Amino acid sequence: MPTMWLSDNQKIGVIFCSAGGLFLFGGVLLFFDRSLLAMGNILFLIGLTLIIGVRKTMAFFTRRQKLKGTAAFAAGILLILLRWPLTGFLIELYGLFILFGDFLITIGQFAGGVPVIGPYIQRGLEILAGGGRSNVVRVIGEQGEKEAGGRVGLGFVKDEAWIDDYNEMDMNYYFDMEFGD
């Protein structure tokens, strides 16, 4: 049996995230059941921490660009625990789109290879992420260029990718880079 490129902790993290997703899905199906939604959130956070590590998880959620999403996600979890499951879930969903919206484009590129429906899925995920690929690259590129003092090249500036060509961007190694200064 071939081995996966994931470590044992990461494999367990994938299981926790999958279980968290199933609990969240079940909580929505059962008319926003508060206990299932809370358990799904806890399992998702534990799984994410096991997959990318404690330090990178903390760095991801506390980045200046992600604070709005982190606050919305935490407020959603708190509202679910305070017996406002529908409102809490919607606020939490908003926070998740802010936190993980950058990855929708990468997922869309992967799904674009699926025959027949792939291009439609890819375009839908690009729209959910806030526009086409060129818009995201242009904003990150301009911000990175300003923060880099006019220098242009391939690298990371304050955890954001800045690039020399606004038409190309590679976020495959997003979690592999070191966070923080």
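This passage describes a buried glycine and the salt bridges of the structure. The model is predicted.

Gly-20 belongs to helix α1, which covers residues 8–29. The relative accessible area of Gly-20 is 0%. Gly-20 is therefore buried, since buried means under 20%. Contacts with Gly-20 were examined with its neighbours within four places in sequence left aside. On that basis, Gly-20 touches Gly-40, Leu-43 and Phe-44. A distance to Ile-46 was also computed. Ile-46 is 26 residues away from Gly-20 along the chain. The C-alpha atoms of Gly-20 and Ile-46 are 9.0 Å apart.

Salt bridges were considered next. The structure contains two of them. One joins Asp-102 to Lys-66. In this pair, the closest N and O atoms lie 3.0 Å from each other. The bridge connects distant parts of the chain, as its partners are 36 residues apart. Asp-102 sits in helix α5, which spans residues 85–111. Lys-66 sits in the loop between α3 and α4. That loop follows α3 (54–61) and precedes α4 (67–81). The side chains of Lys-66 and Asp-102 also make a polar contact, at 3.0 Å.

The two partners differ in exposure. Lys-66 has a relative accessible area of 3%. This value is under 20%, so Lys-66 counts as buried. Asp-102 has a relative accessible area of 27%. Asp-102 is partly exposed because this value falls between the 20% limit for buried and the 50% limit for exposed. The bridge thus pairs a buried lysine, Lys-66, with a partly exposed aspartate, Asp-102.

Another salt bridge links Glu-126 and Arg-123. Here the closest N and O atoms are 3.4 Å apart. Both residues lie in helix α6, which runs over residues 118–128. Glu-126 and Arg-123 are three residues apart in this helix, so about one helical turn separates them.

Exposure was computed for this pair as well. Glu-126 is buried, because its relative accessible area of 11% is under 20%. Arg-123 has 43% relative accessibility. That value lies between 20% and 50%, so Arg-123 counts as partly exposed.

In summary, the bridge between Asp-102 and Lys-66 connects helix α5 with the loop between α3 and α4. The bridge between Glu-126 and Arg-123 has both partners in helix α6.

Terms used. Residues numbered from 1 in each chain as written. Predicted model: local features only at pLDDT ≥ 70, side-chain atom pairs only at ≥ 80, totals over all residues. Heavy atoms only, no water. Helix = DSSP H or I, 4+ residues; strand = E, 2+ residues; numbered from the N terminus. Buried < 20%, exposed > 50% of the residue type's maximum accessible area, 1.4 Å probe, protein only. Contact = heavy atoms within 4.5 Å. Polar contact = N/O pair within 3.5 Å; in protein donor to acceptor, adjacent residues only side chain to side chain. Salt bridge = Lys/Arg side-chain N within 4 Å of Asp/Glu carboxyl O.
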